[in-house]
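Biologist: I would like to learn how to read the sheets and the domain interface of a model like this one. Could we go through them in turn?

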Amino acid sequence: MSSFRVKVLDTIRAGHGDASRKDVARETGLAWGTMFKTVASLIQDGFVFERTPLRNTQGRPSIPLCVNPDAAHWCGVDVGACGTRFVLCDLNFRILHQSETTTPRYHGADAFRNWLVEFLESSLEAARAERSRVKALGLSISGNIDHERGIIVSGGNWGVKWGENMELAPVGEKLGLPLFAVTTQNAAACAEYHFGEFAGCPNLVTIGLGAGIGSGVVSLGKLLLSQPGRPVGYIGHILIPGNTQKCTCGFTGCLEAFSGGNFLREVAQRRFPSRPELHDAAALDRAAARGDQDAVSIMDTAASYNAVGIAAMVQLYAPEAIVFSGGQVRADGFLYQSTLRHLEGILPKERRQFPIGISFLGTRQSALGAARLAYEQFI
Ligand SMILES: [Zn+2]
């Protein structure tokens, strides 16, 4: 069972080379027989080895278990609306190689899959990865993903219309790797839960502010995975009264149809056609921070919409920490600070008792989360 193997391997890794079988049984709560068999299978695969015990202890020395980080490597790819990032990790999730490219505008399933395979092949080559050690590929996709069937249902922010239903299996087949795909925010939440500032926090919410606006959830230590028809954290499509913008999803008035990076540009072009210097989300943010009233009028509205979505997540999941990430998040940025201000205005005081941070995982966040999910699926 891969879930036993994940539990046991995570515990051995956390022991930094000192965990004994007794420690593993205690920490994982697994029955002795199950634990013993799982450790044996991990040793057999070369993922774990027994270290020579120190002899100066009383009685029978317990044998410390260690992870062999080079025994298995994991790929993570994050296909964003603008950029696509690749990471190759070892069994301790140290990043061995990373690369980045521009996400092409969508022109059909075959063209996309061929492009993705080429990017992966060239990244693996640049990483000088020994192919037999690469065990699986995790994909994080900006859009609506059916992770059970490995299908991209839609990716509105990079041109994939709802119902496109692109199968990802051919990508895995061409590369000779098992593949697991989730949404960007699912991967982001996974990354933060395992590697971020609030790692191990059992009730964690992530917020992504970029071309799209999204959210991910870890609840009671469990990552909530989105499926079409039962989405998790799709705050970008909360309907905001008074918002007349048409969304990529087909509805009018979605949060991200105003606050998403591409839409901010559109709004600025329409409202202030004679001010081309504002026709870009990052430029708008900088101008608003300088006190430019045209920019402030747009960004403050965007921030108030963001706050509605984030407040909904707080009310639904009562997080113990919130982590922000994405191209629109800058600590000294107007949009980010203004979003927090609006959030404070909406939430009652007793609902604001949690720390808020900006992810230090940076642009690698979701690729790293995808690699971790591939490991959990296929170890
Ligand atoms: Zn929408």
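Modeller: We will take the domains, then the sheets, and then the contact between two of the domains, keeping in mind that this is a predicted model.

Biologist: Which domains does the assignment give for the chain?

Modeller: The domain assignment gives domain 1 (2–67), domain 2 (72–190 + 364–378) and domain 3 (201–360), so domain 2 is written as two segments, in keeping with bounds that come from an automatic or database assignment.

Biologist: In what order do the strands of the five-stranded sheet stand, and which strands are at its edges?

Modeller: A strand order is read across the sheet, and here that order is S5-S4-S3-S6-S10, in an open sheet with mixed pairing. Strand S5 (95–102) and strand S10 (179–183) are the edge strands, each pairing on one side only, and from one strand to the next the twist averages 15°.

Biologist: In which sense do S3 and S6 pair, and over how many bridges?

Modeller: Strand S3 (residues 73–79) pairs with strand S6 (residues 134–141) in the parallel sense, over seven bridges. To place this pairing on the structure, start from histidine 73, whose bridge partner in S6 is valine 134.

Biologist: Which strands does helix H6 lie across?

Modeller: Helix H6 (residues 184–195) lies across S3, S6 and S10, and the helix runs at about 100° to S10.

Biologist: What is the order of the three-stranded sheet, and how does it pair?

Modeller: This open sheet has the order S7-S8-S9 with antiparallel pairing, and its edge strands are S7 and strand S9 (166–167), each of which pairs on one side only. Strand S8 (residues 151–154) and S9 pair in the antiparallel sense over two bridges, with isoleucine 152 standing opposite methionine 166 in S9.

Biologist: Turning to the interface, how much area do domain 2 and domain 3 bury between them?

Modeller: An interface can be read through its distance, its contacts and its buried area. The centres of domain 2 and domain 3, taken over C-alpha atoms, are 25 Å apart, while 20 residues of domain 2 are in contact with 23 residues of domain 3. The two domains bury about 1,600 Å² between them, 51% of it on carbon and sulfur atoms. Of the area that domain 2 buries against domain 3, Asn157, Gln185 and Asn186 supply 34%, more than any other three residues.

Biologist: Which polar features does the rule find across this interface, and which elements carry the domain 2 side?

Modeller: Across the interface of domain 2 and domain 3 the rule finds one salt bridge, together with eleven residue pairs in polar contact. The elements that give two or more residues to the side of domain 2 touching domain 3 are strand S7 (144–146), S10, H6 and helix H12 (365–378), and H6 gives the most, with five residues.

Conventions. Residues numbered from 1 in each chain as written. Predicted model: local features only at pLDDT ≥ 70, side-chain atom pairs only at ≥ 80, totals over all residues. Heavy atoms only, no water. Pairing = 2+ DSSP bridges. Helix = DSSP H or I, 4+ residues; strand = E, 2+ residues; numbered from the N terminus. Axes fitted to C-alpha atoms, helices over the stretch in contact; angles between N-to-C directions. Contact = heavy atoms within 4.5 Å. Buried area = accessible area lost by both parts, 1.4 Å probe. Salt bridge = Lys/Arg side-chain N within 4 Å of Asp/Glu carboxyl O. Polar contact = N/O pair within 3.5 Å; in protein donor to acceptor, adjacent residues only side chain to side chain.
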